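Colleague: Please give me a close look at one part of this model, namely its strands. I would like the pairing, the loops beside the strands and any enclosed space that they line.

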Amino acid sequence: MGNRKAAFLLSSWKIARAYWFSEEKWSAWGLLLTVIALNLGIVYILVLLNLWQVSFYEVIQNYNYSGFIQAIKEYSLLAACLVIVRGYQIYARMILHIRWRRWMTQRYLSDWLWNKTYYLLNISVGHDMDNPDQRISEDVELFVWLTLRLSLDLLQDVVTILSFISILWNLSGVLYISVMGYHLPIYGYLVWAAIIYAGFGTYWTVRMGQPLVKMDFDQQRYEADFRFSLMRLRENAESIALYDGEKQEKWNCSKDFKQIVGNYLKIILVRKRLMWLTTGYTQVSAVFASLVAAPRYFSSHIHLGQMFQIVDAYHHVQTGFSFVIDSFTRIAHWRAVVNRLTHFLVSMEMVRTQSAVAYQLVICKKKCKEYSVENLNVFLPDDTPLLSNFSLSLHGAERLLIMGPSGCGKSTLLRTFAGIWPYASGKMIVPEGEKIMFVPQKSYMPLASLRDIFQYPGLEKMVSDEELQFILIKCKLEHLFDKLDIVIDWGQVLSLGEQQRVAFVRVLLQKPYWLFLDEATSALDEQIEEQIYKMLIEKLSKTSIVSVGHRRTLMAYHQTRLQLDNDKNWKIIKM
């Protein structure tokens with residue numbers, strides 16, 4: 001148990017320390033010290049209010065009207081100061097919160113996108129990394145909020161205890177108890193009563209609430225899985241409608257939601273018991289101070305003002321000692337968040353190093369006019385070989401067609417050429433400084449205007465409307481010209497054939513020297529396919545084209561054919 005707690009604290013520190021020693025460390029520490037100073041100011045004002053109660057109730061007891069008015073004025077000044085300080089404390093903490101979250105979000109997003117990590121997480125075997133989008137969007141926010149809330153609350157509770165415990169100790173006096181005829185003195189008995197009472201509540205809160213850590217972790221995962229199922233239903237609405245798959249989709253979504261309900265019912269049972277405990281603890285503590293202070297008051301050792309001062313001081317001390325009780329739900333949630341973020345970071349690091357350790361694909365960038373591979377071996381994620389000892393050299397303006405039965409590794413070979421497939425070994429030489437473009441079978445349609453979609457992922461120079469219109473006509477998309485600046489989900493509006501033609505608009509705008517097409521015309525009829533290829537050969541006459549496809553009509557637009565089969569055999573045929 002102790003080792004797990006130490007490991008957890010170490011994990012949370014590793015996640016947090018990156019920001020506090022980053023390029024923003026000086027502003028971060030400045031804001032943190034400001035928040036701490038304001039917290040100390042709040043505690044100081046609370047101490048003054050505690051001392052104020054002595055004089056206030058004393059003038060009431062003595063029917064001193066002028067003293068009463070003076071006490072009200074003093075209270076008004078202290079209350080105004082408390083309001084102002086607390087307002088600035090909240091403001092400074094929220095500024096620190098959003099800056100910390102901004103930094104962590106940018107870092108995690110960069111790590112996720114770096115070196116195609118987001119892609120590796122999707123294809124890796126043995127990594128149960130679920131919903132990385134939720135880790136970045138929700139868990140980073142929760143980690144920052146809960147870390148600041150818990151740490152600053154703990155600091156304030158410690159300072160509060162230290163500030164009020166001396167007041168409570170001095171007012172406790174000495175309590176004598178009789179044990180076997182002896183009168184034993186207990187010094188500061190009010191302090192010991194607060195410690196024992198808070199210790200009792202803390203022990204039972206931790207014991208009863210321990211299962212919440214795993215339950216909160218699972219609940220977030222089940223919620224994310226349910227959202228993902230609904231999102232997939234929306235994104236694939238047409239396919240599901242054509243299949244009449246509503247019944248199956250309802251069953252799938254209901255299955256995911258059933259996990260949410262089942263786990264939440266378990267959480268309810270634990271929180272019900274916790275609520276009984278914490279509510280009873282709070283209600284008893286409201287009168288506990290009066291009970292333990294009553295012997296000194298009724299023996300005339302303290303007057304009414306000091307009685308109220310004891311009640312107030314005890315309340316602050318007991319609240320400080322009850323940090324775990326008051327914050328246990330947040331602590332359980334924080335532990336679940338830290339575990340999820342740690343798992344996310346570990347998964348990203350593992351998939352980045354796994355391929356580097358197991359496979360040795362050496363990519364060399366050279367100033368040359370060829371794109372080549374030597375002794376290339378390509379595997380599936382489960383180490384099943386797809387291609388062995390493969391060598392190929394492409395030269396400028398050469399056009400190669402890759403054909404073979406489904407599942408023989410054609411698209412995987414193209415991913416290897418792109419350098420994103422981690423399960424490969426051998427050597428690959430890539431021309432340095434030349435534009436290389438890969439076009440997948442299904443064109444990516446970001447949520448943006450058509451103008452931005454055509455120029456995705458970005459052009460070195462702006463394209464004029466006249467040039468764009470000319471290209472749209474060539475690609476049979478002229479009907480979209482008057483919709484260039486409309487922002488909708490074009491992936492749901494355009495047909496697959498139109499989306500593939502959008503990809504060729506990008507090709508003509510990008511003008512690559514090396515073009516790789518992964519069944520990029522599979523949704524086009526043969527007539528449009530012919531027009532597209534002829535246009536590519538004409539407009540990009542110096543571009544090398546590598547196509548993956550099944551249609552034999554594609555052979556007319558290429559000079560060489562690479563034939564693959566399911567037995568890892570390959571041969572190059574001149575056409």
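Modeller: What follows takes the hairpin, then the sheet, then the loops and the enclosed space. The model is predicted, with local features taken at pLDDT of at least 70, side-chain atom pairs counted only at pLDDT 80 or more, and totals for chains, interfaces and linings using all residues. Residues are numbered from 1 along each chain as its sequence is written, and side-chain values use heavy atoms, without hydrogens and water.

The hairpin comes from strand E4 (residues 370-379) and strand E5 (residues 385-395), which run antiparallel and are joined by seven bridges. Helices (H or I, at least four residues) and strands (E, at least two) are DSSP runs numbered from the N terminus, and two strands pair when DSSP finds at least two bridges between them. One of the pairings is that of Ser372 with Ser393 in E5. Five residues separate E4 from E5, and in this turn Asp383 has a positive phi of about 75 degrees. A second positive phi, near 65 degrees, belongs to Ala397, which is not a glycine. Ala397 sits in the loop that links E5 to E6. Most residues other than glycine have a negative phi, and most peptide bonds are trans.

E6 also belongs to an open sheet of six strands, with the order E8-E9-E10-E6-E11-E12 and mixed pairing. At its edges are strand E8 (436-439) and strand E12 (570-574), each of which pairs on one side only. From one strand to the next the twist averages 15 degrees. At the E12 edge, strand E11 (residues 560-564) runs antiparallel to E12, and five bridges join the two. Among the paired residues are Gln563 and its partner in E12, Lys571.

A helix is set against part of this sheet. Helix H17 (residues 526-539) lies across strand E6 (399-403), strand E9 (514-518) and strand E10 (544-548), where contact means heavy atoms within 4.5 Å. The helix runs at about 170 degrees to E9; angles run from 0 to 180 degrees between N-to-C directions, with axes fitted to C-alpha atoms, for helices over the stretch in contact.

Another loop holds a cis peptide bond, between Tyr456 and Pro457, with omega about 0 degrees. Pro457 is in the loop between helix H13 (450-454) and helix H14 (465-474).

As for enclosed space, the model has two cavities of 30 Å³ or more. A cavity is a set of points on a 1 Å grid over the protein atoms alone where a 1.4 Å probe fits but cannot get out. Points are joined across faces, edges and corners, and a volume is the space filled by probe spheres set on them. The second largest cavity has a volume of about 30 Å³. Its lining (residues with an atom within 4 Å of a point) consists of Val378, Leu386, Leu387, Cys408, Gly409, Leu413 and Leu564. Val378 belongs to E4, while Leu386 and Leu387 belong to E5. Leu564 belongs to E11, so this cavity is lined in part by the hairpin and in part by a strand of the open sheet. By class the lining has six nonpolar residues, one polar and no charged. Here Ala, Val, Leu, Ile, Met, Phe, Trp, Tyr, Cys and Pro count as nonpolar, Asp, Glu, Lys and Arg as charged, and the others, Gly among them, as polar.

How values were computed. 1 Å grid on protein atoms, 1.4 Å probe; cavity = no way out; pocket = protein on both sides within 12 Å on 5 of 7 lines; lining within 4 Å.
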